[in-house]
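Please read this briefing alongside the sequence and the structure, taking the points topic by topic.

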Amino acid sequence: MYCRHLTVAGDRPATWPKGRSGNAPVFQGPANRYDSRMLVIVRPPGAAFRDAISNHPDRHHIDVSRARAQHAAFCAALEDAGLPLLRLPEEPDLPDATFVSDSLVALAPVLPDRPPVVVVARPAVSSRRLEVESVLRAALSHLPTDTQVV
């Protein structure tokens with residue numbers, strides 16, 4: 001699957017099995033015990049996905065139709081686990097825009113009298129910087145107005 005990672009809150013943290021490498025954590029704890037404030041932002045791969053940044057030897061053979069089918073299955077699995085999704089439209093001219101988790105991290109307040117915090121990324125690759133604004137805008141539309149953006 002083309003997805004890099006997923007971070008979710010559950011009873012226990014995601015852990016890596018001993019000796020396993022890659023980007024897919026194994027989640028422990030009940031799948032239906034996520035924070036009710038959690039919202040997973042997703043974006044399907046667009047036509048430009050075939051030009052996504054990659055070091056994989058077969059990077060020139062990306063099957064966008066297959067990636068879209070995998071993305072749909074990924075979204076279905078998240079919904080089956082009880083996670084609400086905020087579905088953004090594809091970005092036809094931004095190859096890596098489907099990797100929305102690279103754009104920002106939203107943190108729930110630790111103390112009840114503190115606002116949430118959104119940490120916004122500044123991608124090193126300049127072609128990826130255009131992805132951040134739409135993800136930030138979507139996230140902020142679902143967060144309190146006093147959310148801190150850093």
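In this predicted model, R137 and E133 are joined by a salt bridge whose closest N and O atoms are 3.5 Å apart. The two residues are four positions apart in helix α2 (residues 130–140), and they are therefore separated by about one helical turn. Both R137 and E133 are exposed.

**Salt bridges between separate parts of the chain**

- The structure holds six salt bridges, and one of them brings together the side chains of E91 and R43, with an N to O distance of 3.5 Å.
- That pair links distant parts of the chain, since E91 lies in the loop between β2 and β3 while R43 lies in the loop between β1 and α1, 48 residues apart.
- The partners of this bridge are covered as follows: R43 is buried, with a relative accessible area of 1%, whereas E91 is partly exposed at 24%.
- A salt bridge also forms between R68 and E90, where the closest N and O atoms are 3.6 Å apart; because R68 lies in helix α1 and E90 in the loop between β2 and β3, the pair ties together parts that are 22 residues apart in sequence.
- R68 is partly exposed, with a relative accessible area of 33%, and E90 likewise counts as partly exposed, at 32% relative accessibility.
- D102, R128 and E131 are linked to one another in a network of salt bridges.

**Helix α1 and its two sides**

- Helix α1 covers residues 64–80, and its 17 residues should span 24 Å at 1.5 Å a residue, which agrees with the 24 Å between its end C-alpha atoms.
- The buried residues of α1 are V64, A67, Q70, H71, F74, C75 and L78; seen down the helix axis, the buried residues fall within an arc of 140°, so they line one face of the helix.
- These buried residues of α1 pack against β1 (40–42) and β2 (85–87), while S65, R66 and D80, on the other side of the helix, are exposed.

**A nonpolar patch on the surface**

- V105, L107, V119 and V150 form a nonpolar patch on the surface, and together they have about 320 Å² of accessible area.
- Within this patch, V105 has its place in strand β3 (residues 104–107), and V105 is partly exposed, with a relative accessible area of 44%.

How values were computed
Residues are numbered from 1 along each chain as its sequence is written. This is a predicted model: local features need pLDDT of at least 70, side-chain atom pairs count only at pLDDT 80 or more; totals for chains, interfaces and linings use all residues. Side-chain values use heavy atoms; hydrogens and water are left out. Patches are made of residues with over 30% relative accessible area and no salt bridge: like charges are joined within 9 Å, nonpolar side chains (Val, Leu, Ile, Met, Phe, Trp, Tyr) within 5 Å. Accessible areas come from the Shrake-Rupley method with a 1.4 Å probe; for residues, only the protein chains shown count as cover. A salt bridge is a side-chain nitrogen of Lys or Arg within 4 Å of a carboxyl oxygen of Asp or Glu. Buried means under 20% relative accessible area, exposed over 50%, partly exposed in between (1.4 Å probe, protein chains only). The expected span of a helix is 1.5 Å times one less than its number of residues. The arc is that of the directions from the helix axis to the C-beta atoms. Contact means heavy atoms within 4.5 Å.
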